[in-house]
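Visitor: Could you take me through one part of this model up close, the disulfide and the sheet around it? I'd like one connected story rather than a list.

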Amino acid sequence: QVQLVESGGGLVQAGGSLRLSCAASGRTISTYDMGWFRQAPGKEREFVAAINWGGYKLNYADSVKGRFTTSRDNAKNTVYLRMSSLKPEDTAVYYCAAVERVASRTFLFTTPAEYDSWGQGTQVTVSS
């Protein structure tokens, strides 16, 4: 399995921006679809964004569309989540996750159970 480490979280005012990074090791992520999830206290882990192995297929939760952008640099074995126009309700621990690509799969997973590898998470706190 690939090992994942998130970074870039922190405290930001509403309306601000942050960029999260997810650095992979152990295997190249060029054969993995990658996802971003978040979990607020007392809530279920929820889907935020996903990007396919080649970076040309994207999916976003409705709550972040137009504000968040995910991208990847396979040469650096890193995936990114650029978050703009942040709101207090974006406060959560953010996780990146990976699942090996399957040639016949034409869609991106949006549920945590479909992903095999997870990072430890990074806290994002948005103050009002």
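**The disulfide and its sheet**

Guide: Let's start at one end of the link: Cys 96 is buried, with a relative accessible area of 1%. Keep in mind as we go that this is a predicted model. At the other end, Cys 22 also has a relative accessibility of 1%, so with the cut-off for buried set at under 20%, Cys 22 counts as buried too. The two sulfurs sit 2.0 Å apart, joining Cys 22 to Cys 96, and the structure holds one disulfide. As for its handedness, the link is right-handed, with 55 degrees about the S-S bond. What does this link tie together? Cys 22 belongs to strand 3 (residues 18–25) and Cys 96 to strand 9 (residues 92–100), so the pair holds together parts that are 74 residues apart in sequence.

Now follow the Cys 22 side. Strand 3 is part of an open sheet of four strands, ordered 1-3-8-7 with antiparallel pairing. The edges are strand 1 (3–7) and strand 7 (68–73), each of which pairs on one side only. Going from one strand to the next, the twist averages 15 degrees.

Let's walk across that sheet. Strand 1 pairs with strand 3 in the antiparallel sense over five bridges, and one spot to look for is Ser 7, whose bridge partner in strand 3 is Ser 21. On its other side in the sheet order, strand 3 meets strand 8, again antiparallel, this time over six bridges. Here Leu 18 has Met 83 of strand 8 as its bridge partner. Strand 8 (residues 78–83) is mostly covered, with five of its six residues buried. Last comes strand 7, which pairs with strand 8 in the antiparallel sense over six bridges, and Ser 71 stands opposite Tyr 80 of strand 8. Strands 7 and 8 form a hairpin with four residues between them. In that turn, Asn 77 has a positive phi of about 55 degrees.

Ser 21 deserves a second look. Is it buried or exposed? At 16% relative accessibility, under the 20% cut-off, Ser 21 counts as buried. Setting aside residues up to four places away in sequence, Ser 21 touches Val 5, Glu 6 and Ser 7, along with Trp 36, Thr 78, Val 79 and Tyr 80. Tyr 80 is the residue you just met opposite Ser 71. If you're tracing strands by eye, remember that in a regular strand the side chains alternate between the two faces of the sheet.

Back to the Cys 96 side, where strand 9 also holds Ala 98. Ala 98 is buried, at 0% relative accessibility. Which residues does Ala 98 contact, leaving aside its neighbours within four places in sequence? They are Val 2 and Leu 4; then Tyr 32, Asp 33 and Met 34; and finally Tyr 115, Asp 116 and Ser 117. For a sense of distance, try Ser 84, which is 14 residues from Ala 98 along the chain: the C-alpha atoms of the two are separated by 23 Å.

So, to put the picture back together: the disulfide bridges strand 3 and strand 9, and strand 3 takes its place between strands 1 and 8 in the 1-3-8-7 order.

Note on methods:
Residues numbered from 1 in each chain as written. Predicted model: local features only at pLDDT ≥ 70, side-chain atom pairs only at ≥ 80, totals over all residues. Heavy atoms only, no water. Disulfide = S-S within 2.5 Å. Helix = DSSP H or I, 4+ residues; strand = E, 2+ residues; numbered from the N terminus. Buried < 20%, exposed > 50% of the residue type's maximum accessible area, 1.4 Å probe, protein only. Pairing = 2+ DSSP bridges. Axes fitted to C-alpha atoms, helices over the stretch in contact; angles between N-to-C directions. Contact = heavy atoms within 4.5 Å.
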